[in-house]
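This report follows the strands of one sheet and then the helices that accompany them. Please keep the sequence and the structure in view while reading.

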Amino acid sequence: VNNAGILRDKTFAKMEDADWDLVYRVHVEGAYKVTHAAWPYLREQNYGRVIFTSSTSGIYGNFGQSNYAMAKLGLYGLTRTLALEGRKNGIFVNAIAPTGGTRMTEGLIPANVFELLKPELVSPLVVYLGSERCQESGSLFEVGGGWIGKVRWERSLGACFDPQAGFSPEEVAGQWHNIGNFDDAAHPADNIEALKEMMANLQNYVK
């Protein structure tokens, strides 16, 4: 369970290299080094469970937390990739985005709410994800206050243009509604599924 964390909150305009680098080193590099050291042993035994701690700040963004948001969403990218690489060796990898009353969030959350955000309300999900019973991998879960929800990517079906003739910024603007229309949205599970709409468009022009 990769759970090391630190905050150095500043608006991007006031961000200093030291604040950016420290948050990256603790969250991303720390998780990388711990997991990379354990990975050969998990592969050798053909079994493993890895959990990364992401954040809603990474999923949705949060004012004054560009460094933290960068690191936390980066950990989900690592989760997705290691889930693919580890599956053949029985290594399942997931991420959680917890909301909890901890030393890191104390003072940021009203006291009466803070009391109800006990870390103990996150632990059951972590224990389950770390168990043999759990067959989930590559997923992200928000958790806190007695609630758990699974997060997934959603993408519009988009708009198609002629890849041979090219298209202009004005044509992009003209299709802006379709580009952002989430009716019948797709939920790609991997890079292959993510290419489906683009490849379908190319097939209309391949000779």
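Two strands are said to pair if DSSP finds at least two bridges between them. In this predicted model, five bridges join β3 to β4, and these two strands run antiparallel. Across this pair, Gly144 stands opposite Trp147 in β4. The connection between β3 and β4 is a hairpin with two residues between the strands, and Gly145, which lies in the turn, has a positive phi of about 60°.

The wider setting is an open sheet of four strands, arranged in the order β1-β2-β3-β4 with mixed pairing. Its edge strands are β1 (48-53) and β4 (147-151), each of which pairs on one side only, and from one strand to the next the twist averages 30°. Strands of a sheet pair through backbone hydrogen bonds, and they may do so either parallel or antiparallel. The parallel case is seen where six bridges join β1 to β2 (residues 91-98), and there Ile51 has Asn94 in β2 as its bridge partner.

Two helices can now be placed against these strands, as the table sets out.

| Helix | Residues | Strands involved | Direction |
|---|---|---|---|
| α1 | 17-45 | touches β1 and β2 | about 170° with β1 |
| α3 | 66-86 | lies across β1, β2 and β3 (140-144) | about 160° to β2 |

Which strands does helix α1 touch as it packs on the sheet? Helix α1 touches β1 and β2, whereas helix α3 lies across β1, β2 and β3.

Conventions. Residues numbered from 1 in each chain as written. Predicted model: local features only at pLDDT ≥ 70, side-chain atom pairs only at ≥ 80, totals over all residues. Heavy atoms only, no water. Axes fitted to C-alpha atoms, helices over the stretch in contact; angles between N-to-C directions. Contact = heavy atoms within 4.5 Å.
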